[in-house]
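Biologist: I should like to learn how the features of a structural model are read. Could we go through them one at a time?

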Amino acid sequence: MRFNSKTIHGGQEPDKAYGAVMPPIYQTSTYAQTTPGGHKGYEYSRSGNPTRAALERSLASIENGKHGLAFASGLAAIDAVVKLLTPGDEVVSTNDLYGGSYRLFRQVFEKYGIKFHFVGMQDTSVIEEYINDNTKLLWVETPTNPMMNVIDIAAAADLAKKHDLLLAVDNTFATPYLQRPLDLGADIVMHSATKYLGGHSDVVVGALVVNDDSLAEKLYFLQNASGGVCGPMDSFLVLRGIKTLHVRMQRHCENCRAIAEFLKSHPKIGKVFWPGFADHPNHAVAKKQMADFGGMLSFIPKEGGYEEAVRVVEKLRVFTLAESLGGVESLAGHPASMTHASIPKEEREKSGVVDSLIRLSVGIEDAEDLIADLNQSLS
Ligand SMILES: Cc1ncc(COP(=O)(O)O)c(C=O)c1O
């Protein structure tokens, strides 16, 4: 099946009990056994649940992977990946990554003896400089949040193979509609399914997809042993969201392009970060590995610094000022004080997350309404 059919049918079949086309929400913690161990494949819902299993098959299908795992949140999914490591291991990670991922790495896992290097991964030779005998994992987020840098996944995969490392890619921003990291050589794909996969800002869920059976087994063990699983209702909502992923993503990309071009030509705007521009430093890589340029962009007003950024986001009416991204509705955020506040200012500014930066998650409303809203808020 091609991608647009996989979103609807991938890994799905009518429910065995009554032929329900959508899997029922199996809202149960446990399952009756006829004799100890005599069950129909499910014993306890932390270990497995039929609604979650339907979502996990869908996730694997859309990412062209063999095994999908659904978690209580994107961070719970990342937590499972880092728990593959042992004290003394090192990780080379993107430097402008989601603030919560940074916080998990620095404030939780460093305490357990895992070392993280945050580097500008757009230049593959920079990644290699930080690889040593202790390095076990490359953590790539592309496009990056919120600076919209693009990292060459195939080049990172070559490096991972050369040094026998795991390559994990946070595919939250792009989604498999735009790029499929496993096809490009990654070992693990991670999602905050809270975002585009769910697509309706009504659920918090995380996901991992892998091909390798033994890696899948280790991750299933961690998923069950640590217990950060997602519930059946949340599984159902993401499964429903995925069915329209391709249609939504197409409109997100179209609207984002229109807004990027509008902002670029606006006299009050200093800089727009969007990988679709021919003069974006990673445009060629984006063109090579992505089917389009996504629904996210960031920009900086020419003058006014922090105060002007706050004034603009407060004045928006169609865009909602809120954390998160990837829903049908357009959102605006101020990374320095919202999504990226957990990164120290000095560290944040090194990667360009200055106080005047505004991030937009462009929704699927009418593009003209979104442009009119930005126009009035900038005036
Ligand atoms: C790129 C990216 N990765 C991971 C996460 C964490 O996901 P969650 O909020 O579902 O835990 C987010 C959340 O904003 C994100 O934007």
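Modeller: Let us begin with a loop: proline 146 lies between S4 and H6, where helices (H or I, at least four residues) and strands (E, at least two) are DSSP runs numbered from the N terminus. This is a predicted model, so local features need pLDDT of at least 70 and side-chain atom pairs pLDDT 80 or more, whereas totals for chains, interfaces and linings use all residues. Residues are numbered from 1 along each chain as its sequence is written, and side-chain values use heavy atoms, without hydrogens and water.

Biologist: Is the peptide bond from asparagine 145 to proline 146 cis or trans?

Modeller: That bond is cis, with omega near 10 degrees. The loop between S4 and helix H6 (153–162) also holds proline 143, which a cis peptide bond joins to threonine 142, with omega about -10 degrees.

Biologist: What is the phi of aspartate 164?

Modeller: Aspartate 164 has a positive phi of about 60 degrees, although it is not a glycine. Its place is the loop between H6 and strand S5 (166–170).

Biologist: How many residues surround the ligand, and which are the closest?

Modeller: A residue belongs to the shell if one of its heavy atoms lies within 4 Å of the ligand. There are 14 such residues, the closest being Gly74, Asp170, Ser192, Thr194 and Lys195. Helix H3 (74–82) and strand S6 (188–192) each supply at least two residues of this shell.

Biologist: Which polar side chains approach the ligand?

Modeller: A polar contact here is a pair of N or O atoms within 3.5 Å. A ligand nitrogen is 2.6 Å from a side-chain N or O atom of aspartate 170. Ligand oxygen atoms lie 2.8 Å from a polar side-chain atom of serine 192 and 2.7 Å from a side-chain N or O atom of threonine 194. The protein covers 91% of the 390 Å² of accessible area (Shrake-Rupley method, 1.4 Å probe) that the ligand has on its own.

Biologist: How many aromatic pairs does the structure hold?

Modeller: A pair of aromatic rings is described by the distance of the centres and the angle of the planes. Rings of Phe, Tyr and Trp (its six-membered ring) pair if their centres lie within 6.5 Å; planes under 30 degrees apart are stacked, over 60 edge-to-face, and the rest tilted. The structure holds nine such pairs. In one of them, phenylalanine 105 and tryptophan 139 have ring centres 5.8 Å apart and planes at 80 degrees, so the pair is edge-to-face. It links helix H4 (residues 99–109), which holds phenylalanine 105, with strand S4 (residues 135–141), which holds tryptophan 139, 34 residues apart.

Key. A polar contact is a pair of N or O atoms within 3.5 Å; within protein, one must be able to donate a hydrogen and the other to accept it, and residues adjacent in sequence count only if both atoms are side-chain atoms.
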